[in-house]
Every structure is written in C-alpha cells, then in structure tokens.
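Q: I am new to this structure and would like a close look at a single part of it. Could you walk me through the sheet and whatever packs around it?

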Amino acid sequence: MTKFKYSKRVPADGTDAVGAILKAAADPKIISFAGGLPAPELFPVKKMQAAVDKVFEEHGQEAMQYGAAKGVTALRELILQHVKEKEGVTGVLDNVLVTTGSEQALDLVGKAFVNTGDTVLVEQPTYLCALDVFKSYGAKFVGVAMDEQGMKMDALEDALKAHPETKLIYTVPNFQNPTGRTMAVDRRKKLAELAAKYDVYVLEDNPYGEIRFAGTHVPAVKSFDETGHVFYMSTFSKTLAPGFRLGWVVADEDVVNKLTVLKQSADLHTDNLAQYAVVEFLNNNDLDAHVKKISDLYGKRKQLMADGLKKYFPAGVKYTNPEGGMFLWVEVPGVDDTVELFKECLKHNVAFVPGDPFFAGKPQPGVFRLNYSNAKEDQIKVGMKQLGEALQETVNK
C-alpha cells in the first residue's frame, strides 16, 4: 500500500477526535448537546426563497458569473453599515472583505500573519477550530487565563512581556465558544491599548454577539482601535443560515488587500448567489426582528438547561451563566478524564463535547461544553436529567 507523504500541516496521527465525538453523539437514541448548530426551525426559508427568486429575476447573470474577490459591493456596503450601527466600528468600503464563512477568515489571517514558530496568544480555553487553523501554519500557543469577565488583561500583558515575539492575539469576546463568557468593556479598551503598545495584532471573532437575551450590549474591541491593530470578523451563520457560508473581515485597507490576494488563490470569490440573496433579504426584511426571535428562543432554552443543572447535577458543579450565544461551560470537580465521562454519559443516551480540544496547552480536567440552541425544550428537560444521573454515578463512584 502506498505511504502518502503529507505536508506538515496535516495532523500526524490522522485522527479527528472531535469528529469521532460528534459521530457518536449523532446516534438517534442520543440527546446531543454536543454540536454548535443554530436552531433550523428559525431559518427564514420562505423569505430567503423569495429573495433568491428575485435575484434570479433581476441579477441572474451577475449571480451566476465570476465575481469580485472582495465580495459583492452591495453586500459590503450593508456590512459596513451594520458594523457601524451595531458595534461602533467605522470604515470605508475598502476595509471590508467578504469570506466563505468565518472559518475562511480565520484561515486567511493565519496564512497572512503566522509563520512557523510564531506565538499566538489565545483565551484559555478557546475555539477549537481556531487552534486547528493556526496550528496548521506552525503557530506556538500561549494560553491566557479567563474569568467571568473574559480574558484577564493583567495575564495578557504578562504573556506579552514574556513572549515579545507574539504575532497575534485571538479572542472571542462575546458569548465565547466554549464558555459563553463576555469580555467586559474596560478590558476591551485595554486590549486595544495593549495591541498598540506591544505592536501585536488582535483577531476579534464575533459570530455570536447579536444573539443576546439578557444584559446590555458591549461595543466591539475594534471600536476602541485607533492604530489598525485589531481585525474584526463576523458571520451571517448564526443570524441567517450557516449553509450560505458568508462571513466577513473589517480591517485596515492594506490588510484587506493582502487577504484578498490570498483568497483569490483559495476560491476566487465567495458564492455570488448567496451574497446577492442576503442583500435582497436584508433590503426587504427586518433582520433585528428575526434576530430577536432567535435570541428569545435561545434564552428560553438556556434557562431550561440552567434549571436542569441546578436540579440534577451533583453539588459543587460550576457552570457559566451566558447572556447570549449558544453555549454553557461546565466544571465538575473530582473528574480527571472528561473523555471517559463522555463515554459514561453516552451510556445514559446523552452527549456533550469534552473540554480537552478547547485548550492550547494542558487541558483542565472535568470540563465540558453544552449547546442549548439546537435542542428542543423537551429534549433539554430529559437530557439534563440523564446527564445529571450520569454525573452523579461518576462522581459518587
């Protein structure tokens, strides 16, 4: 059999631990809190169908032709207006690049800025797919401690002093994946200041920020950026539909131009039909009203999950209390192997994502992520009871 000579970017063991977990959790008997999926029943299917029909009527040839690498101009203009109104992020058209989902934004920034051996500072824990992307470009990671107010700025500055070679700081400041935590406004201001002071770049990833069901909105880190060190990225995946694969980056014009060159070599441009369809949808529908429906439903489901945690979980278990987004983070004292705990919970027909893949360094034992956005209310009630029973058995062994 041929022994294939893969590049160093391909994981040496060829395994996909998270994929294996999600595959196990996909068993129809399993109530799964493992995925990170939006609620499909809230996808605006009929309204989007009408938008697509109108696109074919009015822009059919343009939608089916090759397009500009930076994206459809009308969509970029709407994104610019959107980030100004929602996040206090200002700019001009040349500051906006449309990407094929936020995952491509991560990849383009990694490709553009991370050389083998470069240090990337990340929240501890952080979004596992970002770790995978930066790792593929040879990044070395340093984890920065968090608390309920997000990344700790004293710990961040200590890390910057200890690692002057740092190239990039990656943060998910709103309803973070996996913890659900939100960075406080004073820390956002400080983060922008530290980026300028130490001449490092910040990649601010905000896929969940609009899905707020409690508390008050906090402006983007980018809104405090006076030097161009912060790159802001977001997506329509959580507010409209993930299948459209539409994300964007707002950054300095020179950065956007470099990312555009790299994007051209990856996919030429993002799907034109999806871009035109979203423009049509946004021009003829109330996105805020649609997002409020999402937020209200997720808030209800999060509260059901929190109620189940209080009712069924062992004493001493800690969990976050997000004001939005899609995830809860759970810490179970006395559990040394979360993967084994996952297997035990599968026997009780309930699943979560073990915390190990979210850590850049040594993982914290006994932690896991729960997703409430993609589970129906009756599933949450039953699933939390089953999960609590599995935890009680494990902790009391």
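A: Strand 8 (residues 230-235) and strand 9 (residues 246-250) pair in the antiparallel sense, joined over four bridges. Strands count as paired if DSSP finds at least two bridges between them. Within this pairing, Tyr232 has Val250 of strand 9 as its bridge partner. A word on names: helices (H or I, at least four residues) and strands (E, at least two) are DSSP runs, numbered from the N terminus. The model is a predicted one, where local features need pLDDT of at least 70 and side-chain atom pairs count only at pLDDT 80 or more, while totals for chains, interfaces and linings use all residues. Residues are numbered from 1 along each chain as its sequence is written, and side-chain values use heavy atoms, with hydrogens and water left out.

Let's step back to the sheet itself. It is an open sheet of eight strands in the order 2-9-8-7-6-3-4-5, and its pairing is mixed. At the edges stand strand 2 (96-100) and strand 5 (150-151); each has a single partner strand, so one side of each is left without a neighbour in the sheet.

Two helices on the sheet come next. Helix 8 (residues 253-267) packs on the sheet and touches strand 2, strand 8 and strand 9; contact here means heavy atoms within 4.5 Å. The direction of helix 8 makes about 25 degrees with that of strand 2. Such angles run from 0 to 180 degrees between N-to-C directions, and axes are lines fitted to C-alpha atoms, for helices over the stretch in contact. Helix 6 (residues 153-162) also packs on the sheet, touching strand 3 (119-124), strand 4 (140-147), strand 5 and strand 6 (166-171). Its direction makes about 160 degrees with that of strand 4.

Strand 8 leads on to some aromatic rings, since its residues are 230-235 and Phe231 belongs to a cluster linked by ring pairs with Phe113 and Tyr201. Rings of Phe, Tyr and Trp (its six-membered ring) pair if their centres lie within 6.5 Å; planes under 30 degrees apart count as stacked, over 60 as edge-to-face and the rest as tilted. A search of the whole structure finds twelve aromatic pairs. One of them joins Phe4 and Tyr6, whose ring centres are 6.1 Å apart with planes at 45 degrees, so the pair is tilted. Phe4 and Tyr6 are both exposed, where exposed means over 50% relative accessible area, buried under 20% and partly exposed in between (1.4 Å probe, protein chains only).
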